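User: Hi! I'd like to go through a structure with you, beginning with the metal site. Could you bring it up?

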Amino acid sequence: MSDSPELSSVLAGDAVPGDLAQLICCLAEACAGIANAVERGSLSGTLGALEQSNVQGETQKQLDVISNDMLIDALRSSGLARGIASEEEEHSVAIPGGAPYLVLFDPLDGSSNIDVNVTVGTIFSILPAPGDTPTDSDFLQPGDQQLAAGYVAYGPSTLLVLSTGDGVRQFTLDRAGGVFRLSHLAMEVPKQTGEFAINAARQRHWLTPIAEYVADCQAGENGPRGRDFNMRWIASMVADVHRVMTRGGVFLYPDDHAMQAEGKAGKLRLMYEANPMGFLAEQAGGAASTGRERILAIQPDGLHQRVPVVMGSAEEVAEIESRFARG
Ligand code: AHG
Ligand code: MN
Ligand code: MN
């Protein structure tokens, strides 16, 4: 596989516009740097939390901040983007004179898993830049407007899963050369599945459609679904969604009664998590929904907006949507 084509030549072969291809390569290179930082965590003393919170009120890990800085520095100096928005920053950052792209990212997803050496990731989304000096409102475009989206999973291998709107390709970091090489030409989410992923600790809060869906899966082959299901929950969206992208399944982070009582629409963020992952799921033949509507059709109303997420195998997402429609 060491002679598999590199990311840059695959993008050229896919006729991705030159500056967009360069931007994706810039992100990939920054993520190769994050892979090193994550791998060396305990050697460099960068595991563990900081005594500070991000704009979401979540405790930041040292590596959340390191990854965020690495991406921002790489993009700022590249001239390949006109604006950046990050899960870890309250407001977007304009880069006047950059190429006409906006980049949004979750620099380190699943960072609660960092200290226990479980897969974490980076998620990114690229939108067109409508003007010269973008402000927060310029980023509030529906996910359907994405020009590209991807995630990098820092696991046993460092993988880049990418779509520029014409299917989904997977690349593996070749550490010897420090480059991403093609490792899967066209990822496809199987339409049917026997696996679901949800944080069962919230079961007492679940809305009826979710509670009944999970109960029916758990009832197995003698229940209404007529087959056995398995449950998996890593608590890194990148790792859970990567499993779904690879062998099928449905990933759920729904809203629930407790969130509704607190006025929260969900846990996961539309702009940094749900939209890019939804784009990848759809591009691989899967689906992405809130349970009530297609995620990519949502008109965002805030950079850090949260949404319920149901994504993965198309038939299973449709099954859950039909339960919400019944009420
Ligand atoms: P982040 O680390 O970027 O804040 O995201 C964490 C998210 C997501 O990766 C994962 O699916 C979910 O939180 C896990 O939530 P629970 O802790 O409720 O399992
Ligand atoms: Mn995340
Ligand atoms: Mn994060």
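User: Are Asp-106 and Glu-273 buried or exposed?

Analyst: Both Asp-106 and Glu-273 are buried. Bear in mind that this is a predicted model.

User: Thanks. Which residues coordinate the manganese ion (ligand 2)?

Analyst: Asp-106 and Asp-109 each do so through OD, and Glu-273 does so through OE, at 1.9 to 2.1 Å. Along the sequence, these donor residues have the spacing D-x2-D-x163-E. Two of them link distant parts of the chain: Asp-106 is in strand β5 and Glu-273 is in helix α8, 167 residues apart.

User: And what coordinates the manganese ion (ligand 3)?

Analyst: Glu-87 (OE), Asp-106 (OD) and the O atom of Leu-108, at 2.2 to 2.3 Å. The donor spacing for this manganese ion (ligand 3) is E-x18-D-x1-L. Leu-108 is buried, as is Asp-106.

User: Which residue coordinates both ions, and how far apart are they?

Analyst: Asp-106 coordinates both, and the manganese ion (ligand 2) and the manganese ion (ligand 3) are 3.8 Å apart.

User: Great, let's move to the sheet. What's the strand order?

Analyst: It's an open sheet of eight strands, ordered β4-β3-β5-β6-β7-β8-β9-β10, with mixed pairing. β4 (93-94) and β10 (179-184) are at the edges with a single partner strand each, so one side of each has no neighbour in the sheet.

User: How does β6 pair with β7?

Analyst: Strand β6 (residues 120-128) runs antiparallel to strand β7 (residues 148-154), and the two share seven bridges. Phe-124 has Gly-150 in β7 as its bridge partner, and Thr-122 is opposite Val-152 in β7.

User: And how many bridges join β5 to β6?

Analyst: Seven, and β5 and β6 also run antiparallel. Val-103 stands opposite Ile-126 of β6.

User: How many residues of β6 are buried?

Analyst: Eight of its nine, so to speak of β6 as mostly covered is fair.

User: Which helices lie across those strands? Start with α8.

Analyst: Helix α8 (residues 270-283) lies across β3 (83-86), β5, β6, β7 and β8, at about 85° to β6. This is the helix that holds Glu-273. Helix α6 (residues 237-247) lies across β5 (101-109), β6, β7, β8 (158-163) and β9 (169-174), and runs at about 105° to β7.

User: Changing topic: at what angle do α2 and α4 pack?

Analyst: Helix α2 (residues 18-39) and helix α4 (residues 62-78) pack at about 150°, and their axes are 10 Å apart. That angle is why α2 counts as roughly antiparallel to α4. The crossing of α2 past α4 is right-handed.

User: Which residues make the contact?

Analyst: From α2, they include Leu-23, Cys-26, Leu-27, Ala-30 and Ile-34. From α4, they include Leu-63, Ile-66, Met-70, Leu-71 and Leu-75.

User: One last thing: where is Gly-177?

Analyst: Gly-177 is in the loop between β9 and β10.

User: Why does Gly-177 count as partly exposed?

Analyst: Because its relative accessibility is 48%, and partly exposed covers the range between buried, under 20%, and exposed, over 50%.

User: And how far is Gly-177 from Gln-305?

Analyst: Their C-alpha atoms are separated by 39 Å, with the two residues 128 apart along the chain.

Technical notes. Residues are numbered from 1 along each chain as its sequence is written. Chains are lettered from A and ligands numbered from 1 in the order in which they are written. This is a predicted model: local features need pLDDT of at least 70, side-chain atom pairs count only at pLDDT 80 or more; totals for chains, interfaces and linings use all residues. Side-chain values use heavy atoms; hydrogens and water are left out. Donors are N, O and S atoms within 2.8 Å of the metal (3.2 Å for Na, K and Ca); water is not among the atoms, so sites may look incomplete. Buried means under 20% relative accessible area, exposed over 50%, partly exposed in between (1.4 Å probe, protein chains only). Two strands pair if DSSP finds at least two bridges between them. Helices (H or I, at least four residues) and strands (E, at least two) are DSSP runs, numbered from the N terminus. Contact means heavy atoms within 4.5 Å. Axes are lines fitted to C-alpha atoms, for helices over the stretch in contact, and angles run from 0 to 180 degrees between N-to-C directions. Angles under 35 degrees count as roughly parallel, over 145 as roughly antiparallel, 65 to 115 as roughly perpendicular and the rest as oblique. A crossing is left-handed if the near helix is turned anticlockwise from the far one by less than a right angle, and right-handed if clockwise.
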